[in-house]
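Me: I would like to learn how to read a few features of a structure. Where do we begin?

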Amino acid sequence: MDCDSPCSPHDNTSPKALIRSDIWFADGNIVLIADCAAFKVHHGQLERHSEVFRDLFSVPQPVDQNLVDGCPSVELYDRPTDLYHLLIALYDGIYFQKHTAADFVAISAVLRLSTKYFIEHLRERCIARLAIDWPTSLPEWDRREHDGTDREGRYNPREIFPHPILMLQLAYELNLDAFLPSAFYDVSRYGPSKILSGTRGPPPIFFTEGDPEGQLARLSDDHLCAAFLGREAAQLYIHTFLESALRDRPSTNCANVGKLSAVHCVESFYFIHLNVLRSVGGIACGRDADPLYTLLQAAEMLERTDFSDGVKTCGLRMCSVCKTEFVDAVKKARLEVWELIPEWFGLREPRSGEDMN
């Protein structure tokens, strides 16, 4: 396949110079043309999976039609890269042995055209694959975040998951509303300047004048505002949680209440409060607008033994009752966050008696 040759622009005065793709069967009986890319395939294979193709091929062709490699041709108004991936999926299937961010190129292309041409089994396969990267439940989101963390504890999601701006564009293009909350939440965890600057999309297989390599993908003004408002709501939630969950700690149920050792629970809650505020305030590095992660980290502080008292490493000296109460409060808060995400990003109206916080 000649991937470096630029596609000629549509021109009424001169024929296009076609690029023969590597999807070119010697026994093919029809040539599909998308922009400047040509694919020699079997119309029976396409008709078998799509009524749209069946109807398209049933239209009588002009007697004086120009043949391509001895076969009739049909021009499709699709992106060449999209058609390439659709044909690969129809002939070879679509499989993902190891999930990587690069999968999104094929997924988005096949989903786009399987939707257009009513190829349901491919569409369902792509939707199921997207659901792994953009979960619709909190347990699946936690699984996703775990998958994006390596053995050394480094969080590097872009090696496994595509950039959320690319997903947001696809979701709005194809009305994939179920994936909007997790994609908006993901993008809001970037700093404002990175959200604004966007990301480079994947390079197309066939280069056209209107489809350059690494085209910049950015949020629209409305979606940009939604991302910033949601980011603010996420940060504010943590401050609100700290006020409500830690204000009256230790509770009257504290096992150390009335004892000198009660100071250990007081100091532990103060330590948790201080460290969560440091993270949300941006003093700690990254994920300052990620309440799901921040809450999880707050609960995990209870079991850590790598804190220092100035002499040796130790854990927080909090009683079992206070630990249990705080863990329960965190679990409740994380469920509440997940339910609030659609409201934070303007995807759902606030429920009666609630605000965006």
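Reply: We begin with disulfides, bearing in mind that this is a predicted model. A search of the whole structure finds zero disulfides.

Me: How far is Cys319 from the nearest cysteine sulfur?

Reply: A disulfide needs two cysteine sulfur atoms within 2.5 Å. The sulfur nearest to Cys319 is that of Cys322, 3.5 Å away, and Cys319 is in no disulfide. Cys322 is likewise in no disulfide, its nearest cysteine sulfur being that of Cys319.

Me: Is Cys319 buried or exposed?

Reply: Buried means under 20% relative accessible area. Cys319 has 7% relative accessibility, so it counts as buried. Cys322, at 1%, counts as buried too.

Me: What span should helix 3 have, at 1.5 Å a residue?

Reply: The expected span is 1.5 Å times one less than the number of residues. Helix 3 covers residues 80–92, 13 residues, and should therefore span 18 Å; its end C-alpha atoms are 18 Å apart, which agrees.

Me: How many residues of helix 3 are buried?

Reply: In an α-helix there are 3.6 residues a turn, so residues three or four places apart point the same way. In helix 3, 10 of the 13 residues are buried, so the helix is largely enclosed by the rest of the structure. Among the buried ones are Asp82, His85 and Leu90. Just after helix 3, Gly93 has a positive phi of about 85 degrees.

Me: Where is Asp290 found, and which residues does Asp290 touch?

Reply: Asp290 lies in the loop between helix 11 (262–280) and helix 12 (291–300). Its relative accessible area is 2%, so Asp290 is buried. Leaving aside residues up to four places away in sequence, Asp290 touches Glu145, Tyr185 and Arg189.

Notes:
Residues numbered from 1 in each chain as written. Predicted model: local features only at pLDDT ≥ 70, side-chain atom pairs only at ≥ 80, totals over all residues. Heavy atoms only, no water. Buried < 20%, exposed > 50% of the residue type's maximum accessible area, 1.4 Å probe, protein only. Helix = DSSP H or I, 4+ residues; strand = E, 2+ residues; numbered from the N terminus. Contact = heavy atoms within 4.5 Å.
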